[in-house]
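Trainee: Could you take a close look at one part with me? I'd like to hear about one aromatic residue and what surrounds its ring, and then how other side chains pair up.

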Amino acid sequence: MTDDFERQIDEALGLDLSPDIDVLQCAGGELRSCFRVSDLAEAAFRVAARELAALTGAREVSVDRRLALMWFGMTLRPSGWSLPAAWDPISGDYQTADGWLRLHTNAPHHRDAALQVLGCGADSARVSKAVVAWRKGVLEDAVVAAGGAAAAMHSLEEWAGHPQGRAVAAEPLITWRQSGQGCRFTGLRGRRVLDLTRVLAGPVATRFLAGFGAQVLRIDPPGWHEPGVEPEVTLGKRRAGLDLHLADDRRIFETLLSEADVLVHGYRPGALDKLGYDDEQRERLSPGLIDVSLNAYGWSGPWKSRRGFDSLVQMSCGIAYEGMRRATADRPLPLPVQALDHATGYLMAATVLRALRQCQSTGVSLSARVSLARTAAMLTAAGARDFQGSALDESIADLAPALEATAWGPARRLKFPVRLEGKSPEWAAPAGSLRDDTPSW
């Protein structure tokens, strides 16, 4: 199945520049799942690695499947300190009057919205008691309307018949459009990537690019935090803050955008438009810009503007239900890792690399759109099966030999699964807190 996922991604990238490069496979492994999540993980890494080799002219590239699966989880192993909690205490799956619903409350304003709708305090027991009085679809709509993030659980069949499920199934894996004429780039090193993404897919993409030579500048708005993953996704990047409602910050942002080669963003449809930066304005400010954007629930259909995260999409599209059904579990059973985020992240990285190569070859600059829900559709279309695989046993040999300095303390990180000409990536900046740097290249 790895070959089938790889073929689908290749077709979405475009066969006209499909790289004729063999990727060496190292080791093996299988995460426990009823879906072919391990094959998806390896395929996503393999395609990104081939695109990287084709752009840089490398003659040899390898992907370690076992390490690829491990990089779909947390990669940092602290020395003398502890990682922040990955989830807010209220985030989780709750039993409603007619089924299961997931609340995603890692962002304080999403938590406040859910608690306001439920009319209870920030305590999971109180939330459970309040949720059970609601029908799942009604509560989902109410939380979303209040500015929160929630997803009722559907089966695969229910999602296939849902208006949003049908819309996503009809979308391409990557939606391309020509956005202008750009420079004829040479390679990845030194390319300026402006990163406007949040947890988790977009930051995974730009982390990959940063490791192989891109200059990545991440911009966050005031007050935004994602403590559970900052040690993971800030590696290799400058991290600055801007408020795009302020005139001075807008001027800085427009200068940065005009100097960027690539823009990667995860705003929902219309969000950048409301800030005054629609497609046409971005292209005017930065002619030839490569623009790659991410959405949770797809780019068409009634939910195209809905807030979403990996765990919510898994609930909506039938993954969590199918896992529960096949395991005869008493609650939703998602994938063993946030595979939609990670697979889409490496798909985005491959998309950026292909667009750079297209510009290098023809001078044409491209924009592209991807979504978590469309990645989920590729995974579920491969079918479910009896559970296979197991937890991966980690050893000291899986860790990079040197201690890594981070803003929180020293740590060891898992070895990266991709090696280019026998070399691992080199990240120019250590992992650190958001908004620690000045907004400059």
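Mentor: Let's start with Trp 303, which is buried in this predicted model, with a relative accessible area of 8%. What is its partner ring? The ring of Trp 303 pairs with that of Trp 159. A pair of aromatic rings is described by the distance of the centres and the angle of the planes. Here the centres are 5.8 Å apart and the planes stand at 45 degrees, so the pair of Trp 159 and Trp 303 is tilted. To call a pair stacked, the planes would have to be under 30 degrees apart, and for edge-to-face they would have to be over 60.

Now look at where the two sit. Trp 159 belongs to helix H7 (residues 156-161), while Trp 303 is in the loop between strand S12 (290-295) and helix H14 (310-316), so their pairing ties together parts that are 144 residues apart in sequence. Trp 159 counts as buried too, at 8% relative accessibility.

Trp 303 has another neighbour worth finding on your screen: Arg 306 lies over the face of its ring, at 3.9 Å from the ring centre. You can see a similar arrangement elsewhere, with Arg 102 over the face of Trp 87, at 4.9 Å from the ring centre.

Let's go on to the other rings. The structure holds 15 aromatic pairs. One of them joins Phe 45 and Phe 72, and that pair is tilted, with 6.1 Å from centre to centre and 45 degrees between the planes. Phe 45 sits in helix H2 (residues 37-56), and Phe 72 in the loop between helix H3 (65-70) and strand S3 (76-78), so this pair links distant parts of the chain, 27 residues apart. Both rings are tucked away: Phe 45 is buried with a relative accessible area of 0%, and Phe 72 is buried with 1%. The two of them also take part in a cluster, in which ring pairs link Phe 45, Trp 71, Phe 72, Phe 208, Phe 212, Tyr 346, Phe 416 and Trp 427.

Next, the charged side chains. A search of the whole structure finds 38 salt bridges. In one of them, Arg 413 meets Glu 404, with the closest N and O atoms 2.7 Å apart. Arg 413 is buried at 3% relative accessibility, and Glu 404 counts as buried at 16%, because the cut-off for buried is under 20%.

Another salt bridge joins Asp 437 and Arg 239, at 3.9 Å from N to O. This one links distant parts of the chain, 198 residues apart: Asp 437 is in the segment after strand S16 (418-420), and Arg 239 is in strand S10 (residues 237-241). Asp 437 is partly exposed at 25% relative accessibility, whereas Arg 239 is buried at 7%.

For a local example, try Glu 11 and Arg 7, whose side chains meet in a salt bridge of 3.1 Å, N to O. Both lie in helix H1 (residues 2-13), 4 residues apart, which is about one turn of the helix. Glu 11 is partly exposed at 43% relative accessibility, and Arg 7 is partly exposed with a relative accessible area of 38%.

Finally, salt bridges can join up: Arg 177, Asp 279, Arg 282, Glu 283, Asp 291 and Arg 369 are linked in a network.

Technical notes: Residues numbered from 1 in each chain as written. Predicted model: local features only at pLDDT ≥ 70, side-chain atom pairs only at ≥ 80, totals over all residues. Heavy atoms only, no water. Salt bridge = Lys/Arg side-chain N within 4 Å of Asp/Glu carboxyl O. Helix = DSSP H or I, 4+ residues; strand = E, 2+ residues; numbered from the N terminus. Buried < 20%, exposed > 50% of the residue type's maximum accessible area, 1.4 Å probe, protein only. Phe/Tyr/Trp six-rings, centres within 6.5 Å; stacked < 30°, edge-to-face > 60°. Lys NZ or Arg CZ within 6 Å of the ring centre and 35° of its normal.
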